Amino acid sequence: MINLYGQEIKKLEKLMLDEGQKAYRATQLYTWIYEKHATSFDEMSDISLRFREVLNEKYTLDLPKIFKKQVSSDGTIKLLLELQDGAKVETVLMRYSYGNVACVSSQVGCNMACAFCASGLFKKQRNLEVEEMVGEILVLNNLLREESLEKHITHVVVMGTGEPFDNYDNVMDFVRIINHPKALAIGARHITVSTCGIVDKIKKYSEEGLQINLAISLHAPNNQIRNKLMKINKAYPLEVLIPAVKEYEQKANRRVTFEYILIKGVNDSIENADELSKLIKGCMAYVNLIPYNPVMENEFQRSSDKAVHAFLDRLIKNGVTATIRKEFGSDIDAACGQLRAKSEK
Ligand code: SAH
């Protein structure tokens, strides 16, 4: 069975042609499922009965099931979704003043094994399929529509469990679908993909000609600290990563975001801020500081508010554009680095 939510428009057009249909059937199907929210092929009144039968035989509109729903005091919703094969992933809805942001998982578990992150405690079981990632958004959209008919996801960050660039092709199809005007029409500049720094994929991404935002999990101002925190740095150390970022910025004419978690006594000193400023000199990038969220299984601690602000001030004084990331849903373990399939344990 082919899940319709997994079909990027060109691929769906090809499928329709293979079925002996006209290519425009693809757009027609998009309109039914994404605009009119059809949940069965039988509703699709302008498609012939005969072809609806074919669709029923070969295609599905299955969505992930909500296994558990938690609502934070700040309105953040965290869902534990159950997929077709029983695997479970988390997805988060954050309510910013500018819109509703979905934080999407890209894999079941993660193999990157960053020392500070809860998601990496569970080895990767598999990549998420395109329809499963699209499904994360659609399930959140269904919840939002229950609140009000106008509400929907306006921004997407691929920052949940998993390394998106370790599931590159599926993630690219996913962003193309949610960006498509006849599908979810989420603007490219409202979509952000975050990577721990898989350089060959950053290079590939530079060639895609997409206007999607790219974020890099940097977290350290030098190799010595980054090697301790992130295994990926052994494969792609900073002297390889930073030039690749600059190359991307030039090719795509887009600035990247560097994510930098602040961990007490590890990477949060004023010297570290100076070193970081030097490291990213010549990048158009801006730095998003994330005060560390404690994870039960390790010893790392969050930097004090004072240290966070001193770090920020120093970056700004050095001419670096930087902000502190607003925190959502920490009371339900929905904040950065806290995602995992907890109730599975
Ligand atoms: N694998 C991708 C996507 C995950 S994004 C990546 O590494 O970019 C999730 C972000 O939260 C990453 O920047 C990650 O490093 C950060 N993070 C992980 N654990 C964290 C924690 N305990 N507190 C705050 N941020 C954390």
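Select C110 to begin: with a relative accessibility of 9%, this cysteine counts as buried, and its place is in the loop that runs between strand 7 (107-108) and strand 8 (126-127). What you have open is a predicted model, and the tour below treats it as such. With C110 still highlighted, add E150 to the selection; the two residues are 40 positions apart in sequence, and their C-alpha atoms lie 35 Å apart in space.

**The other cysteines**

Next, select C196 and C114 together. The sulfur of C196 has that of C114 as its closest cysteine sulfur, at 5.6 Å, which is too far for a bond, given that a disulfide calls for two sulfur atoms within 2.5 Å. C196 itself is buried, at 6% relative accessibility. Now extend the selection to C283, which takes part in no disulfide and has its nearest cysteine sulfur, that of C196, 17 Å away. C283 is likewise buried, its relative accessible area being 14%. How many disulfides does the structure hold? The count is 0.

**The ligand and its shell**

Move now to the ligand and show the residues around it, of which there are 20, the closest being E163, S194, S217, H219 and N293. If you colour by secondary structure, look for strand 10 (191-195) and strand 12 (257-262), each of which supplies at least two residues of this shell.

Three distances are worth drawing here. For the first, go to G162, where a backbone N or O atom lies 3.0 Å from a nitrogen atom of the ligand. For the second, go to T195, which has a polar backbone atom 3.5 Å from an oxygen atom of the ligand. For the third, turn to E259, where a polar atom of the side chain is 3.3 Å from a ligand oxygen atom. Taken on its own, the ligand has 540 Å² of accessible area, and the protein covers 95% of it.

Before leaving the ligand, select H219 again, since this residue, one of the closest to the ligand, also has a backbone feature to inspect. Its phi is near 65°, a positive value in a residue other than glycine. H219 sits in the loop between strand 11 (213-217) and helix 7 (223-229), and at 4% relative accessibility it counts as buried.

**A second positive phi, and a lysine over a ring**

Which other histidine should be selected for a positive phi? It is H37, with a phi of about 55° although it is not a glycine. You will find H37 in the loop between helix 2 (25-35) and helix 3 (49-58), where, at 36% relative accessibility, it counts as partly exposed.

Select K36 and W32 next: the charged end of K36 sits over the ring of W32, at 3.8 Å from the ring centre. An arrangement of this kind can also be seen by selecting K88 and F67, where the charged end of the lysine sits over the phenylalanine ring, 4.5 Å from its centre.

**Aromatic pairs**

Now display the aromatic side chains, among which 9 aromatic pairs are counted. One of them joins Y96 and F328 in a tilted arrangement, with 4.5 Å from centre to centre and 55° between the planes. Because Y96 belongs to strand 5 (residues 88-96) while F328 lies in the segment after strand 14 (322-324), this pair ties together parts that are 232 residues apart in sequence. Are the two partners buried or partly exposed? Y96 counts as partly exposed, at 22% relative accessibility, whereas F328 counts as buried, at 5%.

Then select F165, Y168, Y205 and Y248, which ring pairs link into a cluster.

**Two last stops**

Select T76, located in the loop between strand 3 (65-71) and strand 4 (77-82). This threonine is buried, with a relative accessible area of 0%, and if you show D74 beside it you can draw a polar contact of 2.5 Å between the two side chains.

Finally, select R145, which lies in helix 4 (residues 130-147) and is partly exposed, with a relative accessible area of 23%. Add G86 to finish the tour: R145 and G86 are 59 residues apart in sequence, and from C-alpha to C-alpha they are 26 Å apart in space.

Terms used
Residues are numbered from 1 along each chain as its sequence is written. This is a predicted model: local features need pLDDT of at least 70, side-chain atom pairs count only at pLDDT 80 or more; totals for chains, interfaces and linings use all residues. Side-chain values use heavy atoms; hydrogens and water are left out. Rings of Phe, Tyr and Trp (its six-membered ring) pair if their centres lie within 6.5 Å; planes under 30 degrees apart count as stacked, over 60 as edge-to-face and the rest as tilted. Helices (H or I, at least four residues) and strands (E, at least two) are DSSP runs, numbered from the N terminus. Buried means under 20% relative accessible area, exposed over 50%, partly exposed in between (1.4 Å probe, protein chains only). A charge sits over a ring if NZ of Lys or CZ of Arg is within 6 Å of the ring centre and within 35 degrees of the ring normal. A residue is near a molecule or strand if one of its heavy atoms lies within 4 Å of it. A polar contact is a pair of N or O atoms within 3.5 Å; within protein, one must be able to donate a hydrogen and the other to accept it, and residues adjacent in sequence count only if both atoms are side-chain atoms. Accessible areas come from the Shrake-Rupley method with a 1.4 Å probe; for residues, only the protein chains shown count as cover.
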